[in-house]
Amino acid sequence: MINEKIPAHQSGFREYHSTTQQCHRIINEILKGLEEKQLCTAAFLDIQQAFDRVWHDSLLFKLKATLPTPYYLLLQSHLTDRYSQIKFNTATSVNFPILSGVPQGSVLCPVLYMIFTADIPIRNDTTIAIFADDTAILANKKDPQTASQSLQTHLNHLATWRIKVNETKSVHVTFTNRRIDCPIVTINGTQLLVQAEVKYLDLLLDQKLT
C-alpha cells in the first residue's frame with residue numbers, strides 16, 4: 001500500500017533498489033542525450049536538513065490520505081505531543097513542542113520522509129532522480145538555451161515546495177561532447193555553482209562521462 005504511494009523516481013530505502021541502480025538510471029539518461037547529439041544539463045541539489053524539516057501537520061495530512069485509519073492514528077500518536085529541552089551546564093530550558101522532523105534512528109524515519117516528499121514537483125520535459133534526499137534533475141535538449149529553460153522551469157516549481165534546498169551547495173553541470181555549456185540556472189534567486197564534474201552517490205561524473 002505504501003509502496004504504491006512512493007513515486008518511481010525515489011529509490012532510497014526501497015526493496016530491490018540500490019545506489020548502483022540509481023547511478024545506472026542517471027548515466028543512461030546522460031548517455032541517451034550524448035548519443036542523440038544533445039546537451040544534458042543537470043542540477044544536483046543539496047536538500048538542507050532534509051529529515052529535520054518534515055512539517056508534522058503536512059505529513060499527518062498525507063498519512064491520513066494514504067493509510068487506513070488505525071495506522072494513521074498510531075503514527076499520529078507517534079508524532080504529536082513531542083517536546084524537546086536544552087541543557088547547558090546547570091541551566092535548563094523550558095520544554096518546547098517539536099513541530100517538524102521525523103524521529104531518526106528507526107525504520108519509520110525514511111518511510112515517513114518518502115511519503116512526505118512524494119509530491120515533489122515533476123515535469124514531462126525533465127528527468128528527476130532521488131535517492132533518499134540526494135536529488136538530481138536533468139534536461140536533454142539539442143539547444144543549450146532550451147535545455148536550461150526546461151531545467152530552470154523545474155527549479156522554479158521546486159522553489160515553492162516545502163523542503164528547503166541549500167543553494168550554495170547545489171551544483172549545475174552540462175554533460176556534452178561539444179565545446180559549449182548551457183546557460184546558468186538559479187533557485188530561489190541564487191545561481192547554482194557551475195562545475196565540470198559532480199559526485200552523485202559517491203560516483204564521480206564528468207562532463208564527457210569518461
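Start by selecting C40, which is buried, with a relative accessible area of 0%. The model on screen is predicted. Display the sulfur of C40 and look for the closest cysteine sulfur: that one belongs to C182, and at 8.5 Å it is too far away for a bond.

Add C23 to the selection. C23 is also buried, at a relative accessible area of 10%. The closest cysteine sulfur to that of C23 is in C40, 14 Å away, again too far for a bond. A disulfide is a covalent bond between the sulfur atoms of two cysteines. With a cut-off of 2.5 Å between the sulfurs, the count for this structure is zero disulfides.

**The whole chain**

Zoom out and switch to a cartoon. The protein has six helices and 13 strands. Along the principal axes, the C-alpha atoms fill a box of roughly 60 × 45 × 30 Å. Of the 210 residues in the protein, 44% are buried.

**Helix α2 and Q22**

Select residues 19–35, which make up helix α2, and pick out Q22 within this helix. Q22 has a relative accessibility of 1% and therefore counts as buried. Show the side chain of Q22 together with the backbone of I130: a polar atom of that side chain lies 2.9 Å from the backbone oxygen of I130. Keep I130 selected, since I130 is also among the residues lining the largest cavity.

**The cavity**

Rolling a probe the size of a water molecule over the atoms shows where empty space is left. How many cavities of 30 Å³ or more does a search of the whole structure find? The search finds one. The space in the largest cavity comes to about 30 Å³. To see what encloses this space, select I47, Y113, T117, I120, I130, A132, T135 and W161, the residues that line the largest cavity. By class, this lining has six nonpolar residues, two polar and no charged.

**Aromatic pairs**

Y113, from the cavity lining, reappears at this stop. A pair of aromatic rings is described by the distance of the centres and the angle of the planes. Across the whole structure, a search finds three aromatic pairs.

Select F44 and F175. Their ring centres are 6.4 Å apart and their planes meet at 75°, so this pair is edge-to-face. The pair connects distant parts of the chain, with F44 in strand β1 (residues 39–47) and F175 in strand β8 (residues 165–175), 131 residues apart. Both F44 and F175 are buried.

Next select F51 and Y113. This aromatic pair is tilted, with 4.6 Å from centre to centre and 40° between the planes. F51 sits in the loop between β1 and α3 (56–66) and Y113 in helix α5 (residues 108–116), so the pair ties together parts that are 62 residues apart in sequence. F51 is buried, as is Y113.

Return to F44 and F175 and add Y200: these residues form one aromatic cluster.

**The largest pocket**

Stay with F44 and Y200, which are both among the residues that line the largest pocket. The volume of this pocket is about 160 Å³. For the full lining, select F44, L45, D46, D134, T135, K169, V171, V198, K199, Y200, L201 and D202. Colour by element to see where the lining comes from: β1, β7 (134–141), β8 and β12 (197–200) each give two or more residues.

Which classes of residue make up the lining of the largest pocket? There are six nonpolar residues, one polar and five charged. T135 deserves a second look, being listed in the lining of the largest pocket and in that of the largest cavity.

**Two positive phi values**

Most residues other than glycine have a negative phi, and most peptide bonds are trans. Select L201, one of the pocket-lining residues. L201 is not a glycine, yet its phi is positive, at about 55°. L201 belongs to the loop between β12 and β13 (203–206). With a relative accessible area of 18%, L201 is buried.

Finish at L209, in the segment after β13. L209 likewise has a positive phi without being a glycine, in this case about 60°.

Methods. Residues numbered from 1 in each chain as written. Predicted model: local features only at pLDDT ≥ 70, side-chain atom pairs only at ≥ 80, totals over all residues. Heavy atoms only, no water. Buried < 20%, exposed > 50% of the residue type's maximum accessible area, 1.4 Å probe, protein only. 1 Å grid on protein atoms, 1.4 Å probe; cavity = no way out; pocket = protein on both sides within 12 Å on 5 of 7 lines; lining within 4 Å. Points joined across faces, edges and corners; volume = space filled by probe spheres on them. Nonpolar A, V, L, I, M, F, W, Y, C, P; charged D, E, K, R; others polar. Helix = DSSP H or I, 4+ residues; strand = E, 2+ residues; numbered from the N terminus. Polar contact = N/O pair within 3.5 Å; in protein donor to acceptor, adjacent residues only side chain to side chain. Phe/Tyr/Trp six-rings, centres within 6.5 Å; stacked < 30°, edge-to-face > 60°.
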